[in-house]
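Hi everyone, thanks for coming. I'd like to walk you through one protein today, so please have a look at it on the screen before I start talking.

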Amino acid sequence: RQISRTRNAGARASRGDYLIFIDADTVLTPAVLRATFDVLRQGAAGGGARFRFDGRLPLYARLLSPLVNAVMRAGGMAAGCYVFCSREAFEAVGGFDERLYGAEELVFSRALRRRGPMVILEDAVTTSGRKMRAYSGWELLRLFAGLLPRGLAGVRTPDRLAFWYSDRREDPG
């Protein structure tokens with residue numbers, strides 16, 4: 001249950017010039033895949049796609065999703081559910097930081113931006129809204145407010161991120 005290590009192992013086992021990291025509960029369209037290869041062929045170091053959640057979402061998630069997408073796109077930060085890069089850029093930055101149990105895609109995105117363009121595609125992938133349905137907005141706000149002052153130290157141990165790695169309650173879907 002350490003996504004950085006898993007992603008790095010997948011990259012080591014692969015042989016292509018381009019790497020795509022996609023969560024098991026994420027679906028991409030042919031348009032996203034085409035756009036991914038287009039920007040990589042044009043010289044992007046890496047990128048991601050906007051995201052949307054599946055299923056019915058609580059009001060807070062419906063309101064925050066467009067804002068988070070806009071901020072991440074403006075900042076060249078890929079959402080963890082869909083990240084891509086050239087092998088050359090991946091190797092140059094040393095892959096995902098295996099000391100991190102969360103926010104690894106943000107640190108990886110920042111490192112890739114130093115190697116070349118980081119493109120967040122306009123097209124979106126669809127990913128699970130399970131966690132948005134399982135936790136209230138207040139619970140998530142408390143979690144992130146508790147992690148923020150610690151910076152990366154807050155995501156270097158899985159115990160502070162139990163909410164992300166544990167099953168909370170059944171997904172009503």
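**A threonine in a helix, and some rings**

Okay, let's start with T36, which lies in helix α2. Keep in mind that what you're looking at is a predicted model.

So, is T36 buried or exposed? Its relative accessibility is 0%, and anything under 20% counts as buried, so T36 is buried. What does T36 touch, if we skip residues up to four places away in sequence? The answer is I20, Y82, F84 and L121. There's a polar contact as well: the T36 side chain reaches the backbone oxygen of V32, at 2.8 Å.

Now let me zoom out for a second. The protein has 173 residues, and 43% of them count as buried. Its secondary structure comes to eight helices and five strands. If you read from the N terminus, the order is α-β-β-α-β-α-β-α-α-β-α-α-α. Here's one I like: take the contacts between residues at least 6 apart in sequence, and 80% of those join residues at least 24 apart. As for the outside, the protein exposes about 9,600 Å², with carbon and sulfur atoms supplying 56% of that.

Next up, rings. How many aromatic pairs does the structure hold? It holds eight. Take Y18 and F37: their ring centres are 5.9 Å apart and their planes meet at 55°, which falls between the 30 and 60 degree cut-offs, so we call the pair tilted. Where do these two sit? Y18 is in strand β1, residues 18-22, while F37 is in helix α2, residues 30-41, so the pair ties together parts that are 19 residues apart in sequence. Both rings belong to partly exposed residues: Y18 has a relative accessible area of 31%, and F37 comes in at 25%.

Another pair is F21 with F96, and this one is edge-to-face, with 5.1 Å from centre to centre and 85° between the planes. F21 is in strand β1, and F96 is in the loop between α4 (87-93) and α5 (104-113), so this pair links parts of the chain 75 residues apart. Are F21 and F96 buried or exposed? Both are buried. They also belong to one aromatic cluster, made up of F21, F90, F96 and F108. And F96 has a charged neighbour: the charged end of R7 sits over the F96 ring, 5.2 Å from its centre.

F108 brings us to helix α5, as it's one of the buried residues there. The helix is mostly covered, with seven of its ten residues buried. Besides F108, the buried ones are E104, E105, V107, S109, A111 and L112. What covers them? The cover includes α1 (3-13), β3 (46-53), β4 (82-86), α4 and β5 (118-127).

Last stop, a glycine. G16 lies in the loop between α1 and β1. Its relative accessibility is 31%, so G16 counts as partly exposed. Now look for R87: G16 and R87 are 71 residues apart in sequence, but from C-alpha to C-alpha they are 7.4 Å apart in space.

If you take one picture home, try this one: F21 and F96, both buried, sharing an aromatic cluster with F90 and F108. Thanks, that's it from me!

Technical notes: Residues numbered from 1 in each chain as written. Predicted model: local features only at pLDDT ≥ 70, side-chain atom pairs only at ≥ 80, totals over all residues. Heavy atoms only, no water. Phe/Tyr/Trp six-rings, centres within 6.5 Å; stacked < 30°, edge-to-face > 60°. Helix = DSSP H or I, 4+ residues; strand = E, 2+ residues; numbered from the N terminus. Buried < 20%, exposed > 50% of the residue type's maximum accessible area, 1.4 Å probe, protein only. Lys NZ or Arg CZ within 6 Å of the ring centre and 35° of its normal. Contact = heavy atoms within 4.5 Å. Polar contact = N/O pair within 3.5 Å; in protein donor to acceptor, adjacent residues only side chain to side chain. Areas by Shrake-Rupley, 256 points an atom, 1.4 Å probe, with all protein chains shown as cover.
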